[in-house]
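Please open the model in your viewer and keep the selection panel at hand. The tour moves from one selection to the next and says what is found at each stop.

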Amino acid sequence: MSNIRVIIAKPGLDGHDRGAKVVARALRDAGVEVIYTGLHQTPEQIVAAALQEDADAIGLSILSGSHMTQFARVLELLREREASDIVVFGGGIIPDADIAELESMGVAKIFTPGASTQDIVQWVRETLGDKASSRVS
């Protein structure tokens, strides 16, 4: 079986990446192949990395309040590059009122502060396990 591949990214000017690193490590420890892009990434850089790495998903960590803009741009770029099959999920400081709108835009899941890494790992496995398996030739 092929490994699940996930890009973990910090878009925009937000300089706080502790949560992203905790999630990346939890996924890695659970056997997920994780590519962490680092701080201050543009949506263009994030999507390019996802395409280059043949990622199954992009996980965005946003604490800056720019979640509506950043998620929308990543989703738009994926559509433009005919890569809408890459699942987009995220977490951070995202008001409950914005979660439904993000999901209607195409974001698969939002994890808010306090979400356990076990819940995130379980969701990634359940959501992406079959997708990664189908990549095997």
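**A tour in three selections**

Begin by selecting His 67 in this predicted model; leaving aside residues up to four places away in sequence, His 67 is in contact with Ile 62, Ile 93, Ile 94, Pro 95, Asp 98 and Leu 102. His 67 belongs to helix H3, which covers residues 67-80. Is His 67 buried or exposed? With a relative accessibility of 4%, His 67 counts as buried, because the cut-off for a buried residue is under 20%.

Next, select residues 18-29, which form helix H1. At 1.5 Å a residue, its twelve residues should span 16 Å, and the end C-alpha atoms are indeed 16 Å apart, so the two values agree. Within this selection, colour Ala 20, Val 23, Ala 24, Ala 26 and Leu 27, the buried residues of H1. These residues cover an arc of only 165° around the axis, and therefore lie on the same side of H1. Turn the helix to its other side, and Arg 18, Arg 25 and Asp 29 are exposed there. Following H1 comes Gly 31, which has a positive phi, near 95°.

Finally, display the largest pocket, whose volume is about 360 Å³. Which elements give two or more residues to its lining? They are H1, strand E3 (57-62), strand E4 (87-92) and helix H5 (117-134). The lining comprises 23 residues, and those nearest the centre of the pocket are Gly 19, Val 23, Gly 91, Gly 92 and Ile 120. Colouring the lining by residue class gives twelve nonpolar residues, ten polar and one charged.

Definitions and conventions:
Residues are numbered from 1 along each chain as its sequence is written. This is a predicted model: local features need pLDDT of at least 70, side-chain atom pairs count only at pLDDT 80 or more; totals for chains, interfaces and linings use all residues. Side-chain values use heavy atoms; hydrogens and water are left out. Helices (H or I, at least four residues) and strands (E, at least two) are DSSP runs, numbered from the N terminus. Buried means under 20% relative accessible area, exposed over 50%, partly exposed in between (1.4 Å probe, protein chains only). Contact means heavy atoms within 4.5 Å. The expected span of a helix is 1.5 Å times one less than its number of residues. The arc is that of the directions from the helix axis to the C-beta atoms. On a 1 Å grid over the protein atoms alone, a cavity is a set of points where a 1.4 Å probe fits but cannot get out, and a pocket is an open set with protein on both sides within 12 Å along at least five of seven lines; lining residues have an atom within 4 Å of a point. Grid points are joined across faces, edges and corners, and a volume is the space filled by probe spheres set on the points. Ala, Val, Leu, Ile, Met, Phe, Trp, Tyr, Cys and Pro count as nonpolar, Asp, Glu, Lys and Arg as charged, and the others, Gly among them, as polar.
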